[in-house]
Amino acid sequence: MLHAHQLQSGYGLSQVLFNVSLDIQRGEVVALLGRNGMGKSTLIKTLFGQIPLTAGTLTFEGQSIAGWDSDRIARLGLAIVPEGRQCFPNLTVREHLTAFAAHRNPEIRTPWDVERVFEMFPRLRERARNMGNQLSGGEQQMLAIGRALVTNPKLLVLDEATEGLAPLVREEIWQCIARLRESGQTILVIDKYVERLMKLADRHVILERGAVVWQGSSAELDAQRSLWTRYLGV
Ligand SMILES: Nc1ncnc2c1ncn2[C@@H]1O[C@H](COP(=O)(O)OP(=O)(O)OP(=O)(O)O)[C@@H](O)[C@H]1O
């Protein structure tokens with residue numbers, strides 16, 4: 001579905017990504033791992049056209065999206081749950097979910113709509129009339145996920161899926177990811193909780209100083225605990 005080959009990008013003169021290659025197959029859940037500042041968010045911003053790639057190729061369903069702006073990329077069926085959630089303070093929960101509704105993936109059998117998001121996250125139904133800035137961190141994260149889902153994306157990307165959330169809310173978000181995986185949703189997820197990600201992801205990619213230093217299955221990651229201390233600080 002997504003094919004990135006030898007990507008380079010960064011901020012002005014400061015290069016952050018060095019020849020990063022990443023493939024995501026349809027229906028796969030891929031976890032992007034690495035310590036703080038290793039380039040995970042930069043890679044996601046590059047995939048979404050938020051910062052330009054300076055070298056490499058980037059295709060989505062066989063079509064080059066290098067140089068495309070974020071809106072055009074989103075319309076192809078990529079949706080992001082950004083770090084920091086970025087809910088709008090002046091929109092209600094329901095308005096967030098109706099404003100972003102779209103049908104970008106014809107393969108989704110039961111398309112996501114406001115009602116389905118409320119079934120996934122009953123808390124959001126209770127808060128339907130609350131403004132974005134009246135929500136707890138966990139509710140904002142649920143809303144950010146719901147807002148991405150109602151676009152019916154082909155690829156869902158979660159940057160820092162559970163950062164700053166209480167343990168019970170974290171578990172709720174992970175269960176949501178597990179249900180999405182069962183439904184066949186393709187997902188790229190960043191999260192610090194490697195142990196938990198091993199149960200959720202098919203494949204793991206480790207970034208170190210802007211380069212891919214390892215990738216493999218959950219079983220392979222589980223078997224190579226030296227990677228954890230070396231690259232993940234666990
Ligand atoms: N807007 C920016 N301008 C300049 N440099 C930046 C900017 N954003 C990030 N960087 C730098 O790029 C490098 C990679 O940061 P990035 O945010 O991609 O890392 P990360 O792996 O997502 O870590 P974190 O978990 O801390 O977000 C870091 O050295 C960071 O200081």
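What pLDDT does the protein chain average? In this predicted model, the answer is 94, and 100% of the residues score at least 70.

**Figure 1. The complex as a whole.** Let's begin with the predictor's own scores. The complex receives an ipTM of 0.95 and a pTM of 0.94.

**Figure 2. The shell around the ligand.** Here you can find Y11, S14 and V16 around the ligand, together with G34, N36, G37, M38, G39, K40, S41 and T42. Sorted by class, seven of these shell residues are polar, three are nonpolar and one is charged. Both β2 (14-24) and α1 (40-47) supply at least two residues of the shell. The largest share, three residues, comes from α1.

**Figure 3. A closer look at α1.** This helix is mostly covered, with seven of its eight residues buried. The buried residues are K40, T42, L43, I44, K45, T46 and L47. Follow the chain just past α1 and you meet G49, which takes a positive phi of about 70°.

**Figure 4. The four-stranded sheet.** The strands of this open sheet are arranged in the order β2-β1-β4-β5, with antiparallel pairing. At the edges sit β2 and β5 (63-64), each pairing on one side only. Strands in a sheet pair through backbone hydrogen bonds. Between β1 (residues 2-11) and β4 (residues 53-60), the antiparallel pairing spans six bridges. To pick out one of them, look for S9, whose bridge partner in β4 is L53.

**Figure 5. Where helix meets sheet.** In this last view, α1 lies across β1, β2 and β4. Relative to β2, the helix runs at about 70°. Both α1 and β2 also appear in the ligand view, as each supplies at least two shell residues.

Note on methods. Residues are numbered from 1 along each chain as its sequence is written. This is a predicted model: local features need pLDDT of at least 70, side-chain atom pairs count only at pLDDT 80 or more; totals for chains, interfaces and linings use all residues. A residue is near a molecule or strand if its C-beta atom, placed from the backbone, lies within 6 Å of it. Ala, Val, Leu, Ile, Met, Phe, Trp, Tyr, Cys and Pro count as nonpolar, Asp, Glu, Lys and Arg as charged, and the others, Gly among them, as polar. A residue is buried if 20 or more other C-beta atoms lie within 10 Å of its own, exposed if 12 or fewer, and partly exposed in between; C-beta atoms are placed from the backbone. pLDDT is the predictor's confidence in each residue, from 0 to 100. Two strands pair if DSSP finds at least two bridges between them. Two residues are in contact if their C-beta atoms, placed from the backbone, lie within 7 Å. Axes are lines fitted to C-alpha atoms, for helices over the stretch in contact, and angles run from 0 to 180 degrees between N-to-C directions.
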